[in-house]
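Open the structure and keep the sequence beside it. This report walks through the sheets, the helices on them, and a few single residues.

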Amino acid sequence: MFRIEKSRRIKEVPPYLFAEIDKIKAEQIARGVDVIDLTIGDPDLPTPSDIISQMKKSIEDPKNHAYPSYIGMPEMRQAVAKWYQNRFKVKLDPETEVIILIGSKEGIAHLPLAFIDNGDYGLVPDPGYPVYKTSILFAGGIPHFLPLLKENHYLPDLDKVPQAIRNKSKLLFLNYPNNPTSATAGKEFFEQAIAFCRNHNIIICHDAAYTEIYFNEKKPLSFLEVEGAKEVGIEFHSLSKTFNMAGWRIGFAVGNSEIIAALGQIKTNIDSGCFKAIQEAGITALQKDLSETKKLREIYQERKDLIMSGLKKTGLEVEPPAATFYVWLPVPDGYTSMEFATHLLNQTGILTTPGNGFGPSGEGFIRMSLTASTERIKEAANRLASLSL
Ligand code: MLT
């Protein structure tokens, strides 16, 4: 009989966290539960209308129907460089230091193929976006978790990485503002990370998808603002969260030209670039006045305040997020992450992500995403008020 034998690679990797959660959601809805979905960070707000108008025009243009450039249209790469200059005062060469991605997830997933050989280590924040770990496994590497602990402000303690692992590590993934903990990182932390990686010849891949979602005056940094960053690393960015374009699949990586070129080499062998009409819409997004993202922050601020007031009524002690649209909530004594997420779902219909889905150090937490409508968040806050622990 014909036997389908999956690779070791795929057997080693757990099912994708949010695909599993989708199944739970579908089951609950089928049972008639009015589910409030606070799981995946998938913005509910529409893409701004000027971006959509540009897309309508661009899709009609036959010149956009052919294969795009592998590394992105020159005009899009220039728009990225200008956006970085305006937002972070970081200078980028659009020819060599920018690559356009089919969403930053795609670039993150492919990057280790360029740098990890069998048995090499990749350093991964724990808890963290599941793709960091998976991409290292897919490349034949070994993920080494860096616990992000509350007492360290959810920054990894790089001094704790054992010497033998440092010597065999090729990549370090970082992500600030952080998913799922919502922590931010200052210049000092990035300086330490750069020094550590320079000493051990480790490439830094900083995922900066959430830099535009913040709640105080202190704007999150680009890692490339810090001296020496471009020597050791690259930064990933996404249009998904900043411009509500998650479904469009467009992002980019910027920084060290050799690292960018290596990622490009992988991509030329795997994909054929991002649809040109989407890139033209992306240019419109990046050319918007930076102040436009303020409206977005105000919406998330209102939602954050609503959910925090609902949580206060439960008696749970939760720190409000400084950035991102995630609330990282320690579960009450006596519950695991999964047990508390289930309890919350059963009592209130609120679906959240158990923290252990982001790695072992996420055990003891759940994550709430503020990407449901403000009305639904208001309803969630009301339901929380009646939660018994
Ligand atoms: C999340 O919910 O962690 C992220 O939104 C998922 C993603 O960006 O792919």
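What follows is a short tour of a predicted model.

## The seven-stranded sheet

Start with the open sheet of 7 strands. Its order is S2-S8-S7-S6-S5-S3-S4, and the pairing is mixed. S2 and strand S4 (142-147) stand at the edges. Each has a single partner strand, so one side of each is left without a neighbour in the sheet. The twist averages 20° from one strand to the next.

Look at the S2 edge. S2 and S8 pair in the antiparallel sense over 4 bridges. Two bridge partners help you find the place. Leu-101 is matched with Gly-251 in S8. Val-98 has Val-254 in S8 as its bridge partner.

Which residues of S2 are buried on its two faces? Val-98 and Ile-100 lie on one side, and Ile-99 and Leu-101 on the other. All of these are buried, so both faces of S2 are covered. A general pattern helps here: in a regular strand the side chains alternate between the two faces of the sheet.

## Helix H11

Now find helix H11, residues 257-270. It has 14 residues. From its first C-alpha to its last it reaches 20 Å, close to the 20 Å expected at 1.5 Å a residue.

At the start of H11 there is a polar contact. A side-chain oxygen of Asn-256 comes within 2.9 Å of the backbone nitrogen of Glu-258.

Several residues of H11 are buried: Ile-259, Ile-260, Ala-262, Leu-263, Gly-264, Ile-266 and Lys-267. Note that Lys-267 is among them. What covers the buried residues of H11? The cover includes strands S2 (98-101), S6, S7 (233-238) and S8 (251-255). It also includes helix H5 (104-115) and helix H9. S2, S6, S7 and S8 all appear in the order of the seven-stranded sheet.

## The three-stranded sheet

A second part of the tour is an open sheet of 3 strands. The order is S9-S12-S11, with antiparallel pairing. Strand S9 (326-330) and strand S11 (353-354) stand at the edges. Each has a single partner strand, so one side of each has no neighbour in the sheet.

S11 and strand S12 (residues 365-369) pair in the antiparallel sense over 2 bridges. Pro-354 has Ile-366 in S12 as its bridge partner. Helix H14 (residues 337-348) packs on this sheet and touches S9, S11 and S12. The direction of H14 makes about 45° with that of S12. H13 lies across S9 and S12, running at about 15° to S9.

## Residues on H13 and H14

Thr-314 lies in helix H13 (residues 293-314). His-343 is found in helix H14. Thr-314 touches Leu-384, Leu-387 and Leu-389, leaving aside residues up to four places away in sequence. On the same terms, His-343 touches Tyr-335, Leu-387, Ser-388 and Leu-389. Leu-387 and Leu-389 therefore appear in both contact lists.

Thr-314 also has a polar contact. A polar atom of its side chain lies 3.1 Å from the backbone nitrogen of Leu-316.

## A proline in a loop

Where is Pro-220? Its place is in the loop between strand S6 (203-207) and helix H9 (229-232). Pro-220 touches Arg-87, Phe-88, Pro-177, Thr-211 and Tyr-214, leaving aside residues up to four places away in sequence. The C-alpha atoms of Pro-220 and Tyr-210 are separated by 8.5 Å, and the two residues are 10 apart along the chain.

## Burial and cysteines

The table lists relative accessibility for five residues. Each counts as buried because its value is under 20%.

| Residue | Relative accessibility |
|---|---|
| Cys-197 | 1% |
| Cys-274 | 5% |
| Pro-220 | 6% |
| Thr-314 | 10% |
| His-343 | 18% |

How many disulfides does a search of the whole structure find? It finds 0. A disulfide is a covalent bond between the sulfur atoms of two cysteines. Here a pair of sulfur atoms must lie within 2.5 Å to count. The closest cysteine sulfur to that of Cys-197 is in Cys-205, 9.0 Å away, which is too far for a bond.

Conventions. Residues numbered from 1 in each chain as written. Predicted model: local features only at pLDDT ≥ 70, side-chain atom pairs only at ≥ 80, totals over all residues. Heavy atoms only, no water. Buried < 20%, exposed > 50% of the residue type's maximum accessible area, 1.4 Å probe, protein only. Contact = heavy atoms within 4.5 Å. Polar contact = N/O pair within 3.5 Å; in protein donor to acceptor, adjacent residues only side chain to side chain. Expected span 1.5 Å × (residues − 1). Pairing = 2+ DSSP bridges. Axes fitted to C-alpha atoms, helices over the stretch in contact; angles between N-to-C directions.
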